[in-house]
Amino acid sequence: RLVSAQTMHDVFYIPGRSTPGAYVKIAKKGKDGTPDRKEMDIERQWYNIFRKDLALPSAPLAETFPIDGEYALVVEEVPGAGCDEMFRSIAKKHGPIILSWSPEFKAVLERSAEISARGYLLHLKRPEETQVFFRGADGGFDAGEFDFLNGRTIKIMAANDRETKYLAQILAAPKADLTAPGNRALYRDATPLNWIASEQGIVAIDLGSTSYRPPQFELIALLETPDTGIDGITPEVKRNIIRLQRRLLSGHGLTVSPEPVFERDYLLANLVKQSSGVASRLDHIVKNRAMIASNDPAQQKIGAERLAGNISGKRFHSARAIEALDDLGGYFTSQGLEEPAKKQKDLFVAELDKE
């Protein structure tokens, strides 16, 4: 069956009987109309690295294969609870602060730090065998990749009739800080939705968004995704988690920046990510409405199921972008961008009321 949750690809679930089931992800088509095999092959590669080189418990089997002119990745189902569901349950019962202290959250945080650090250190030893999907000319988050990410944000915002002049200015400001070659770790989109709590421990799933970025990006995915339970923590608790993650990364051998710089870079990366999140949700909303307007009942149903979540998600990312701008007031003043930052904050505030 087609998975109805919001995904970037068509994903199908095949249930097992006496064994785990499997998920099949269909490759997107390239500009020439042929399937993007590279994307699927790189994701398969990382599942194999997790299983063999990093020896992570319960990392699933994965393989790629052609099917009816398409190209697909099949991944073994990992039995266990989704960490987003687990986090929501704990937060509902005890509150988000207790969740942040819980063994369940700490286990995900520790496994995330391990993967970020060990994955990047392996890359330094074996760069040709550890390619990632999103990479610049030097293999990481260089100026070209930084411009590509922000360029996509600006392009989508403009296509949806949003003013982008101020956003372009403030997103360009942290380029030197966020693209420094020594400021990188493995990024795999560590949102709570992409973890399973299995009997053998915490297992990473959905490895399609790999990159070598500042380590703050991975923590942002974990803490700044809507409706995951942990997204309800206070700013003070978040700062404590940021400091803890820095220590965990260092404990796994990663070279990290001093604490004040690490925290500042979290805010800068968060502004980049939340702006991208607003743009992605705008794009999804347009596609959801097109699905609802189609003549296919199945597409109408899926579009209707996704639309409300994407409208809510757009508001969430807008609110988090506003928080980042508030926290970075001194930074943008020092860059001579105080006025553009204020103007862009007003534009994000306007998004809170738009559907």
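This report takes a look at the aromatic side chains in this structure and what lies around them. Keep in mind that this is a predicted model.

**Rings that pair up**

There are eight aromatic pairs in the structure. One of them joins Phe133 and Phe134, with ring centres 4.7 Å apart and planes at 80° to each other. That pair counts as edge-to-face because the angle between the planes is over 60 degrees. What about cover? Phe133 is buried, at 18% relative accessibility, while Phe134 is partly exposed, with a relative accessible area of 24%. The cut-off for buried is under 20%, so Phe133 falls inside it and Phe134 does not.

Elsewhere in the chain, Phe141, Phe146 and Phe217 come together as one aromatic cluster.

**An arginine over two rings**

Which rings does Arg213 lie over? Phe134, from the pair above, has Arg213 over its face, and Phe217, from the cluster, has Arg213 over its face as well. Here are the distances:

| Residue | Ring it lies over | Distance from the ring centre |
|---|---|---|
| Arg213 | Phe134 | 5.9 Å |
| Arg213 | Phe217 | 5.4 Å |

So Arg213 meets the 6 Å distance limit for a charge over a ring with Phe134 and with Phe217.

**A nonpolar patch on the surface**

Now for the outside: Ile97, Ile98 and Trp101 make a nonpolar surface patch of about 300 Å². Trp101 sits in helix H3, which covers residues 96-101. Is Trp101 buried or exposed? Trp101 is exposed, because its 58% relative accessibility is over the 50% cut-off.

How values were computed. Residues are numbered from 1 along each chain as its sequence is written. This is a predicted model: local features need pLDDT of at least 70, side-chain atom pairs count only at pLDDT 80 or more; totals for chains, interfaces and linings use all residues. Side-chain values use heavy atoms; hydrogens and water are left out. Rings of Phe, Tyr and Trp (its six-membered ring) pair if their centres lie within 6.5 Å; planes under 30 degrees apart count as stacked, over 60 as edge-to-face and the rest as tilted. Buried means under 20% relative accessible area, exposed over 50%, partly exposed in between (1.4 Å probe, protein chains only). A charge sits over a ring if NZ of Lys or CZ of Arg is within 6 Å of the ring centre and within 35 degrees of the ring normal. Patches are made of residues with over 30% relative accessible area and no salt bridge: like charges are joined within 9 Å, nonpolar side chains (Val, Leu, Ile, Met, Phe, Trp, Tyr) within 5 Å. Accessible areas come from the Shrake-Rupley method with a 1.4 Å probe; for residues, only the protein chains shown count as cover. A salt bridge is a side-chain nitrogen of Lys or Arg within 4 Å of a carboxyl oxygen of Asp or Glu. Helices (H or I, at least four residues) and strands (E, at least two) are DSSP runs, numbered from the N terminus.
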